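Hi everyone, thanks for coming along. Let me put the structure up on the screen, and then we can walk through a couple of its features together.

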Amino acid sequence: MYFESPLWLVIIPVALLYVWWMARKSYAHLSPWARVAGGVVRGVIIVLLAAALSQPVLRWRAEEGHLVLVIDVSQSVTAENIHAAIEDADRIASGALERGDTSRVSLILFGEHAELIHSEAQTWTQLDEASRELAAHHKTLEVLRHQRSGLMTEQDALRAAELDEKITTIERFRERIVGDRTNLERALRLAMNCGSTRRERTVVFFTDGNENQGDWSRVIDPDSATVHFVGLDKAGPPEVAIAELAAPSTVRVHQGFSATIRITSTVDTTANLRVYKDGYLVLTDTVQIPAGKSAISLDDLAFEDKGFHTLEVVLDPKNDTKLANNTVRTIVSVPGKARVLYIDGEEDQTPYLKTALELEGIDTDIRPAAGVPHELADLLGYDALILSDVPAELLSRRQMEMIRSYVRDFGGGFVMLGGDESFGLGGYYDTPIEEILPVRMPIQKDLLRPSLAIFLVIDKSGSMAGVKIQLAKRAAIATAEAINPRDQIGVIGFDSEARLVLELTPAADLGTISSKIGQMDAGGGTFLHPALENAHQRLLESNARRKHVIVLSDGQTTGFGYEQLAQSMAADLITVSTIGIGQGADMALMEAIAASGGGRSYFTNDFFSIPQIFTREALRAANQMLVERLVEPVVLEDDPALAGIDAIDLPLLTGYVATTPKSAATIAIVSDSGDPLLARWRYGLGRTVAFTSDTKPRWAEDWIDWMDFAKFWGQLVRSITGSDLSQRITVLCSHRIDDDGVVLIADVQDENGQFVSDLPVTLTTFREGGARVPVEVFGKGPGLYESKPIQIEYGKGQQFSWTLGEANPTSGADVRAVPYAFITPYSPEFRTLGMNEDAIADAVSLSHGTRFAVGGAEPAIIMGASRLWIVLWPYLLVASLLLIPVDIFIRRIG
């Protein structure tokens, strides 16, 4: 027995002396026996109350014991230490059962989560093979994968299947239990609640103490169980880790800054150091790495452009084991003045607009048609994106969705300029780019124009099976949607034979077209000639004013005479274009057919671009979108681009691409035929503009010579890149890592440094593939906002958008999107090397247990120190209260 508050026992002698004095002085009227009895009862009450206040705890040996073994199998624990822990656990468990110190043994394995592997086993010799493989998952997976790689023949199929099943089981265990963190709290909580409460519970914890999630001190309760700790301190292989790359989160353009690399190593070694800025190597060096903790300073760093920039450090040590902790990246935000990315298919024609914008103080970067960014972080470095004469097939679906997200979610500006490869002529019909623009690609007027009959000749051989034939069918239906309802479309499928899938049918009959095309399946060889001849004959019977054939194939066709057939079709005023997909396509033949047939030839490895190529080619064949003549611009509405400009007599244009305005768009300038020349609208948080003419001598020679050319374009670009709110507030973004994930923080202040708390604030995160996920935000104080925890994605740049205010469809001056991004290079499991002695020492102190080294824990010592505990003060308090009525009764009768 021991007392948790023993100082209360000091009052007992004083209290007993007081009771004796009261018995002599105050109880004189009582009879002698009542005086003695009352004094004794009151003395006992005082002793019981003092004893209760001192909180006595009784400890004794239970008849049955329960030994709970808890083994840390997180990624920070080396394979050598896990093996040593298993050996120790076997020895302790079997020894305790043999001595009779315990009647039950349980086993828990844990990493980020904990799982009870064996519950209250009554016999134990050693851990079973399946559990050993789970515990030693590092080594087990390495061995199993090596064995599996050598099984390649049919005779090995059964053994290979067995190994595959084992590998899957261990990989699922790693995902379910090991995870990317070490949570000792979860493991200890499970151990403290494991098994019957009637048995004496002894917990033996095998761990390196490197907890990076949870707090085990909240769970340790010496009254519930005795907890001992075995420190996994067995020396492992040499290891070097970059613990941190410390760099400022924000710097100005051209501002010099320093970064610090903090390194942890178990050995003295040398290493090759490489530093990259935005993927470009800027520094190489050989450095000496001492054992323990060290730091390397990187000085004289700077970024030349605004936007999000990546700083990456790679360390290649001579003596090392794990590669995952040798590379770290961080993102640095660089604010600056307005910056525009201008991408043009005719790069030699870009100086006209670039010079105009730079005269207006807008930095302009030029890229060719293939220079559309692939990563959102690259695009976020610009306030606006201008596309001119960039065909849709040069952009992947992912790039188009990224541009949509840039505008909608991050408030970026977007401008499309007219040209042969823009709008519908560029194949942008029914794409995410058309979605964000204020105009549509098909022209819904001019029903009296020359009609079109188009045949799609589609390869449906066996090699087209799967996604290719499905995209080809989708492209055929999209073509019918894009052309005028009075136009006609037909489809011929070919493998080793030609088959008419759809007769020439008015495009308005989409139900019939979709039904017929949907029945087309892939299978067979490849023979194009009969299908092309069939399309030729059927188009000869059509009275359409324009006739066109589009051929799609992914392989090598048999037969000959294709160029002669295409020339014959061209002589009959039937043009032929070709599309080759994949590396197997006979592009030499495809190009020859298109050249002979007066059409165009396309090649793509991106199967998802097929619908854009089909619709682009169909709209070109219809010849309805390209307008080339003298055009007089007519101003319909005031526009920010025309502020301070005499808009009554705008210069003439000599061409544009015809489009149809969307209902919510603002049409500022139209042609003398009523077609949009300048249209704008708000899309999500951003603004987009369609200028359907160009900024080159072909159509805008008079505009280039116009004295207000630079002013017009400077004002137009600024009108889609900023807002009044952007100038009035400052948003300081940061993040921290908690037990449950990453918490995003926004500190909002006005131009006077005062906190801003009256704006609606929302947060959006973006998953792989561009999916938007709203994140709950809480106000934590004046101008301070925090998100709920978000799951960490190690090694990937995580991108977010804070939105302040509410989007106004007309002005947009009361909304601001603030992008934020960061990288968590790898799990904290790889950051700490060796054992955390301080954490284990604290845990031992809290648990009143014992700390052992690996191999030093003896069953007799562990079980001998274990007892069951019972708290006595409630019983003493009740007993003292029950004696009060006895004292009252004695005084009444005495």
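Look first at the surface, where Leu49, Leu877, Leu881, Ile884 and Ile888 form a nonpolar patch. Together these five residues have about 380 Å² of accessible area. Do keep in mind that this is a predicted model.

Which helix gives the most to that patch? Helix H23, covering residues 873-893, contributes 4 residues. Leucine 881 is one residue you can find in H23.

Now let's turn to the sheet. Here we have an open sheet of 6 strands, and if you read across, the order is E5-E4-E3-E6-E7-E41, with mixed pairing. Which strands sit at the edges? They are strand E5, residues 114-121, and strand E41, residues 851-853, and each of them pairs on one side only. Going from one strand to the next, the twist averages 20°.

Let's zoom in on one pair. Strand E3, residues 65-72, and strand E6, residues 200-207, are parallel partners, joined over 7 bridges. If you'd like a particular spot to look for, try leucine 67: its bridge partner in E6 is threonine 202.

Finally, which helices go with these strands? Helix H3, residues 79-99, lies across E3, E4, E6, E7 and E41, and runs at about 175° to E3. Helix H21, residues 837-847, packs on the sheet too, where it touches E6, E7 and E41. The direction of H21 makes about 160° with that of E7.

That's my tour, so please ask away!

Key
Residues are numbered from 1 along each chain as its sequence is written. This is a predicted model: local features need pLDDT of at least 70, side-chain atom pairs count only at pLDDT 80 or more; totals for chains, interfaces and linings use all residues. Side-chain values use heavy atoms; hydrogens and water are left out. Patches are made of residues with over 30% relative accessible area and no salt bridge: like charges are joined within 9 Å, nonpolar side chains (Val, Leu, Ile, Met, Phe, Trp, Tyr) within 5 Å. Accessible areas come from the Shrake-Rupley method with a 1.4 Å probe; for residues, only the protein chains shown count as cover. A salt bridge is a side-chain nitrogen of Lys or Arg within 4 Å of a carboxyl oxygen of Asp or Glu. Helices (H or I, at least four residues) and strands (E, at least two) are DSSP runs, numbered from the N terminus. Two strands pair if DSSP finds at least two bridges between them. Axes are lines fitted to C-alpha atoms, for helices over the stretch in contact, and angles run from 0 to 180 degrees between N-to-C directions. Contact means heavy atoms within 4.5 Å.
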